[in-house]
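Student: Could you take me through this structure and show me how each description is justified?

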Amino acid sequence: MYNRRHFLTGATLAGLAAPAIVRAQGIFRDFPFQLGVAAGDPASDGFVIWTRLAPEPLERHGGMPLTSVPVEWEVASDSGFRDVVAKGTELARPELAHSVHVEVAGLLPDRPYYYRFTAGGERSLRGRARTLPAPGARVEALKFGVAGCQHYESGFYGAYRHLAREDLAFVYHYGDFIYEYRQDYLFDDGLPIRPVRQYAQRALFDVTDFRNAYAQTLLDIDQQAVRSVHAFLSSFDDHEIRNNWVADRDNWKMGLSGNDPEAAPPEVFMLKKQAAMQAWYEHMPVRRALLPRGGMVAAHREFRYGDLMAMQLLDTRQYRDDQPCGDGFKPACVDVAAKDAEVLGREQEAWLNRNLARGGATWNALAQQVTMMSLDRRRKPDEPEKVLNLDSWAGYETPRQRILSRFAGLDNNIVLTGDEHQNFCGDLIQKDKVVGAEFVATSISSGGDGSDKRAGTDEWLALNPELKFANDQRGYLVCDVNRAAWQTHFMVVDQVTAPVNTLSKRATGVVEAGRAGITMA
């Protein structure tokens, strides 16, 4: 039931309603575009533009009626909308939380456009997005961002305001847009501290829970700022559903809360995954091809930036075998070398091989979630055995070696990764040969303020000579790419426990075209 706080009276609403569709003028009790706007999945002739009608974002159904509402949209070549080049009307449907995904086409390549939405006499924030260059066009330079891991309770999103000010073609978001739990305490140097803010719900189980988590996150104005000015290439990792989940496995044993319930069986977990992936789709600027079907999302896709870069967005969660050896950070067991282990799954890996074989670009980039380098994770000298992160590619040596073998036949291979809540980079090595470079992006807020180095970092670098740099501050990456070199700038902020922070460039890793190793500038 809805009262006057949500809408006009039922009689008045009925007077505004056409069959199955509400004529929206005057029905909103508050501003309907409170979750902002976004653009994503750019192509050479367009992109997706997104919004969600939610006049009361944390109320049931976002404070919207259970009927479709028309939303007008416009795309212009100028910020004042004097030259509108595309426009139309899209229905915001209650089945999809009144979200709108417009796949704009027919635009010119490699230029900025501006967009906005109107519903019920209310107008959204203005957004901006850039189209990609024409397929195969000669391109001299590209600059884009990499970000993710934005635990709402660990810190504010001030890094996003800095990212919004960067001059970029797009941003790759590697995942962990929301987290699935609320915590009463965080810890700094082993001592308890209070979260800087808290999620409204302690845990997430159904689609309403997940929708509310996204809504609360998107109410953050710095989050809205960065999504309004850059097109996003959106992916997901584990916390959009459950810590360290893979395929149809709950993997509660790795949960961060001490009172997690026992793992749901696969058939029950898939119901939760369907709800989580529906809410993810409803809040991401992605194409209709990514609408979940039976809990599965066709998330892997390719973006080509002229002849300069071919980027493959990978999904390292949905098709992966369960983590070996009981998961966690521990010495390897025999299952790490299992011959039939999968990370990408056979179909996605075959798709990747076909795309890599096409060539046609100076740089081959893999944008994915978990670290590909097989690193020794020991940071204390008294630990006798090599320790692996079994939720990374290091826990799946056979498929890892297949990818590295594929790299060995190509030039200029770059892997972009998240998940770790720290910055580091290093060479990808197979049989003593450097076949690629991996840049791991830190978090936007997860992990709190951090420090320049975690305890034991010097020992960790010494144990892993392929590593070139490590840092434990929050921030994002800026990749500055041309035909001669790939530069990755590690941009860090001094704090996230306060809303305003200071940005600096902590380091730059450089890969020269034709030479696989990273040098630090």
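Here is a short conversation about the chain, one term at a time.

Tutor: Happy to! This is a predicted model, where local features need pLDDT of at least 70, side-chain atom pairs count only at pLDDT 80 or more, and totals for chains, interfaces and linings use all residues. Residues are numbered from 1 along each chain as its sequence is written, and side-chain values use heavy atoms, with hydrogens and water left out.

Student: Why is aspartate 472 called buried?

Tutor: Buried means under 20% relative accessible area (1.4 Å probe, protein chains only). Aspartate 472 has 10% relative accessibility, so it counts as buried.

Student: What is aspartate 472 in contact with, leaving aside its neighbours within four places in sequence?

Tutor: Contact means heavy atoms within 4.5 Å. The partners of aspartate 472 include His421, Asp449, Lys453 and Arg454. Aspartate 472 itself lies in strand 25, residues 467-482; strands are DSSP runs of E, at least two residues, numbered from the N terminus.

Student: What makes the chain as compact as a globular protein of its length?

Tutor: The globule rule is 2.2 Å times the number of residues to the power 0.38, and the radius of gyration is taken over C-alpha atoms. For 521 residues the rule gives 24 Å, and the chain has 23 Å, which is close, so the chain is as compact as a globular protein of that length.

Student: What share of the residues in the chain is buried?

Tutor: Buried residues make up 59% of the 521.

Student: How far apart are aspartate 472 and proline 135 in space?

Tutor: They are 38 Å apart, C-alpha to C-alpha, and 337 residues apart in sequence.

Technical notes
Helices (H or I, at least four residues) and strands (E, at least two) are DSSP runs, numbered from the N terminus. Buried means under 20% relative accessible area, exposed over 50%, partly exposed in between (1.4 Å probe, protein chains only).
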